[in-house]
There are 2 protein chains.
Amino acid sequence: MKYEEAKDKFISTWGVLGSSWGINKAMAQIHALLWISPEALSMEDIMEELQISRGNTSMNVRQLIDWGIVYKETKAGDRKEYFASEKNVQELARQVAKERSKREIKPVIRILKEVSSIKEDEESEKTKELIKQTKALYELTNSMDKMLDKVVNQEKNWMTKVLMKFIS
Amino acid sequence: MKYEEAKDKFISTWGVLGSSWGINKAMAQIHALLWISPEALSMEDIMEELQISRGNTSMNVRQLIDWGIVYKETKAGDRKEYFASEKNVQELARQVAKERSKREIKPVIRILKEVSSIKEDEESEKTKELIKQTKALYELTNSMDKMLDKVVNQEKNWMTKVLMKFIS
DNA sequence: TTAAACTTTCAATAATTATTGAAAGTTTAA
DNA sequence: TTAAACTTTCAATAATTATTGAAAGTTTAA
């Protein structure tokens, strides 16, 4: 496999993976492109490489910056903005874990807690089951989120160490 | 909060969570409904509760069965099929981990491995970076997948134990 | 067997989500 | 200041994904 082929395959695969985990394809592909690019790329560069519009590029680059996995760079004597990916894989995982926990898991935990602690005068079968099952889900989700928090607050290489322990 | 309100809140929240992780809303909501239901429900019951069509119900119930987290049940002297959720939270996590690993992670790992092991005569900066970065991603994804495999092959309560160790 | 009671399939359509591109906004060099 | 070089916004549109519902298929009781 040649460089160009490998690059295209990686970018496209990353886009597909993103989609199946609820991440916009363009966002995932821009990330992939920057991830393997030795230097920062301009808006034009990204548009050109991925064949997407200026607006699309602008919005998705901003989202990546919001997620904390892409940075703006400037070049002396150049008015364009350039974008570079966070290159450390631990830090990438850390940021993604952090954002997904904050945006999606924590709100669900709040609801699960709320729903699993209803009190009804007449304790019907249905109510008991609701409480029991949502409580179980609350506990699982909570444990997984605490694990994500650990990843988020990791010191460098923490995750590798733990994962190693995990899989050994 | 009353039972009905709690139920609706749970079902709707589970649907939203599903969507943001790439799982069809109807599928997530049917799962939520069965998860908290003390008895198995018929197609009609599900259609009625969630206000969705017969076709939609049929397809998504089948998917849940494919995922191994919903079972068919029959009642003596009744021609309808009834559907019941796997009720054990560990087993639910186990099955979801298994399916997502198989369907989404493992194929990506294969591509990452392939892409990260290209060889080019002329080793340009770009090629080096591609290899380095996709290799790092390969290793991370692989570790996470091995972790999922552990969850998948867990004995009962294995996960709880490990998660406890993790978060303590 | 047959016909009633169910489930599944799938083309049409609706709903949602992503993308475009032009206009508006911003920044900076001169 | 101004105007060129950029970026962002957002309404319109395209693409994708989910849903419907009627027709076809299947199962079972009689």
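**Close-up views of a predicted two-chain model**

**View 1. B:Gln51 sits in the loop between helix H3 (43-50) and helix H4 (54-66) of chain B.** Helices here are DSSP runs of H or I with at least four residues, and strands are runs of E with at least two, numbered from the N terminus. This is a predicted model, in which local features need pLDDT of at least 70 and side-chain atom pairs count only at pLDDT 80 or more, while totals for chains, interfaces and linings use all residues. Residues are numbered from 1 along each chain as its sequence is written, chains are lettered from A and ligands numbered from 1 in the order in which they are written, and side-chain values use heavy atoms, with hydrogens and water left out. Although B:Gln51 is not a glycine, its phi is positive, at about 55°; most residues other than glycine have a negative phi. B:Gln51 counts as exposed at 68% relative accessibility, where exposed means over 50% relative accessible area, buried under 20% and partly exposed in between, with a 1.4 Å probe and protein chains only. In chain A, A:Gln51 likewise has a positive phi of about 55° without being a glycine, lies in the loop between helix H3 (43-50) and helix H4 (54-66) of that chain, and is exposed with a relative accessible area of 66%.

**View 2. Chain B and chain A meet across an interface to which 53 residues of each chain contribute contacts.** Contact is taken as heavy atoms within 4.5 Å. Together the chains bury about 5300 Å², of which 78% is on carbon and sulfur atoms; this buried area is the accessible area (1.4 Å probe) that the two parts lose on being put together, summed over both. Between the chains there are four salt bridges, a salt bridge being a side-chain nitrogen of Lys or Arg within 4 Å of a carboxyl oxygen of Asp or Glu. One of them pairs B:Glu114 with A:Lys9, at 2.8 Å from N to O. On the chain B side, helix H1 (3-20), helix H5 (89-115), helix H6 (125-152) and helix H7 (158-167) each supply at least two of the residues that touch chain A. The largest share, 14 residues, comes from H6(B). By class, this side of chain B divides into 30 nonpolar, nine polar and 14 charged residues, with Ala, Val, Leu, Ile, Met, Phe, Trp, Tyr, Cys and Pro counted as nonpolar, Asp, Glu, Lys and Arg as charged, and the others, Gly among them, as polar.

**View 3. A turn of 180° with a shift of 0.0 Å along the axis lays chain B on chain A with an RMSD of 0.0 Å.** The two copies are thus related as by a two-fold rotation axis. The superposition is by least squares on the C-alpha atoms of residues with pLDDT of at least 70 in both copies. Of the interface residues of chain B, 100% are also interface residues in chain A, so the copies meet through the same surface.

**View 4. A:Thr134, in helix H6 (residues 125-152) of chain A, has contacts in both chains.** At 0% relative accessibility, A:Thr134 counts as buried. Beyond its neighbours within four places in sequence, A:Thr134 is in contact with A:Leu112, A:Val115 and A:Ser116, and, across the interface, with B:Phe10, B:Trp35 and B:Ile36. The side chain of A:Thr134 also reaches the backbone oxygen of A:Leu130 at 2.7 Å.

**View 5. Helix H5 of chain B carries the salt bridge between B:Arg103 and B:Glu99.** The closest N and O atoms of this pair are 2.8 Å apart, and the two residues, four apart in the helix, are separated by about one helical turn. B:Arg103 counts as partly exposed at 36% relative accessibility, whereas B:Glu99 is buried at 5%. In the same helix, B:Glu104 and B:Arg100 are also four residues apart and form a salt bridge with closest N and O atoms 2.8 Å apart; both residues are buried.

**View 6. The side chains of B:Asp149 and B:Lys106 meet in a salt bridge at 3.2 Å from N to O.** B:Asp149 lies in helix H6 and B:Lys106 in helix H5 of chain B, so the pair ties together parts that are 43 residues apart in sequence. Both count as partly exposed, B:Asp149 at 27% relative accessibility and B:Lys106 at 36%. B:Ile109, also in helix H5 of chain B, is buried at 9% and, leaving aside its neighbours within four places in sequence, is in contact with B:Tyr138, B:Thr141, B:Asn142 and B:Asp145.

Definitions and conventions
A polar contact is a pair of N or O atoms within 3.5 Å; within protein, one must be able to donate a hydrogen and the other to accept it, and residues adjacent in sequence count only if both atoms are side-chain atoms.
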